[in-house]
Amino acid sequence: MPMARALRSICVFCGARPGLNPAHVTVARALGTAIAAEGWRLVFGAGDVGLMGEVARAAQTAGAPTFGVIPTHLMGAERGKHDLSQLVITEDMHERKKVMFINSDAIVVLPGGAGSLDEFFEVLTWAQIGLHRKPIYLLNSEGYWNPLIALLDHIVAEGFADPSVKGFFTAVPDVPALTNALRTALS
Ligand code: AMP
């Protein structure tokens with residue numbers, strides 16, 4: 001009997017706001033739809049706000065399983081979604097990030113603010129010290145993350161990080177490029 005293929009889970013970190021450029025909303029929806037089309041599960045912050053809500057609604061509409069993780073105190077502010085395949089309510093932000101991470105095979109970072117940066121740097125620094133080898137992708141919609149990439153180049157040039165830090169993540173320009181990269185990484 002053929003072995004069933006394991007369900008692959010994509011953790012998406014992104015803004016709890018939609019941002020001002022509608023192109024980012026379009027990309028968020030396209031990502032949700034692509035996750036469903038590939039037969040993957042969405043792991044996310046369980047909120048129905050901003051780009052996070054856009055990814056989740058698109059993924060649900062297209063039939064993807066959804067795994068949301070949110071701390072109790074954000075259930076109101078981030079409009080915690082109850083209509084998910086699985087909803088985990090954590091005590092704090094640390095536990096939220098940990099539960100999202102351990103239930104994922106790859107991490108994707110869409111445009112976002114300080115929270116998304118925190119989430120990106122946590123998984124990047126964990127990779128840097130050898131705690132995991134899960135692939136991390138910056139979805140560089142409209143070049144949104146170019147200043148972040150330039151900052152990392154600056155940090156390397158100033159001798160505060162080894163150049164290998166750039167090898168722990170991949171910047172991709174759009175959802176088709178991301179999907180191709182994920183397919184290869186997860187096969
Ligand atoms: P933002 O990119 O600032 O819109 O935040 C994106 C998501 O990150 C939101 O769901 C925030 O609740 C979450 N977030 C903000 N700070 C943290 C943190 N320290 N740890 C985990 N998640 C956070």
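User: Let's start with G50. Which helix is it in?
Analyst: G50 belongs to helix α2, residues 50-61. A helix here is a DSSP run of H or I with at least four residues, a strand is a run of E with at least two, and both are numbered from the N terminus. Keep in mind that this is a predicted model, where local features need pLDDT of at least 70, side-chain atom pairs count only at pLDDT 80 or more, and totals for chains, interfaces and linings use all residues. Residues are numbered from 1 along each chain as its sequence is written, and side-chain values use heavy atoms, with hydrogens and water left out.

User: Why is G50 called buried?
Analyst: Its relative accessible area is 14%. Buried means under 20%, exposed means over 50%, and partly exposed is in between (1.4 Å probe, protein chains only). G50 has 14%, so it goes in the buried group.

User: What does G50 touch, leaving out residues up to four places away in sequence?
Analyst: G15, A16, R17 and P18. Touching, or contact, means heavy atoms within 4.5 Å. As for C14, it is 36 residues from G50 along the chain, and the two C-alpha atoms are separated by 8.4 Å.

User: What makes R29 and E54 a salt bridge?
Analyst: The label needs a side-chain nitrogen of Lys or Arg within 4 Å of a carboxyl oxygen of Asp or Glu. For R29 and E54, the N to O distance is 2.8 Å, so the pair fits the rule. R29 lies in helix α1 (residues 22-37) and E54 in helix α2, so the bridge ties together parts that are 25 residues apart in sequence.

User: How do you know whether R29 and E54 are buried or exposed?
Analyst: You use the accessibility values again. R29, at 44%, counts as partly exposed. E54, at 13%, is buried.

User: How many salt bridges are there in total?
Analyst: The structure holds eleven. One of them joins D48 to R57, with the closest N and O atoms 2.9 Å apart. R57 is partly exposed at 34% relative accessibility.

User: What about R96 and E78? What makes them count as a salt bridge?
Analyst: Their closest N and O atoms are 2.9 Å apart, so they pass the distance test too. R96 lies in helix α3 and E78 in the loop between β3 (66-71) and β4 (86-90), so this pair ties together parts that are 18 residues apart in sequence. R96 is buried at 4%, and E78 is buried at 13%.

User: Which residues do shared salt-bridge partners join into one network?
Analyst: R29, D48, E54, R57, K81 and D83.

User: How do you know that α4 has about the expected span?
Analyst: The expected span is 1.5 Å times one less than the number of residues. Helix α4 (residues 114-128) has 15 residues, and it reaches 20 Å from first C-alpha to last, close to the expected 21 Å. You can do the same for α1, which has 16 residues and reaches 23 Å, close to the expected 22 Å.

User: Which residues of α4 are buried, and what covers them?
Analyst: The buried ones are S116, E119, F120, E122, V123, L124 and A127. Their cover includes β1 (9-13), α3 (93-102), β5 (106-109), β6 (136-139) and α5 (146-157). K97, in helix α3, touches D118, E119 and E122, not counting residues up to four places away in sequence. K97 is itself buried, at 9%.

User: How much space does the largest pocket hold, and which element gives the largest share of its lining?
Analyst: About 430 Å³ of space lies in it. Helix α4 gives the largest share of the lining, five residues. Of the 29 lining residues, the closest to the centre are C14, G15, A16, G115 and S116.

User: What makes R79 stand out in its phi value?
Analyst: Its phi is near 50 degrees, a positive value in a residue other than glycine. R79 is in the loop between β3 and β4, and at 53% it counts as exposed. E142 also has a positive phi, near 55 degrees. It sits in the loop between β6 and α5 and is exposed at 59%.

Definitions and conventions: 1 Å grid on protein atoms, 1.4 Å probe; cavity = no way out; pocket = protein on both sides within 12 Å on 5 of 7 lines; lining within 4 Å. Points joined across faces, edges and corners; volume = space filled by probe spheres on them.
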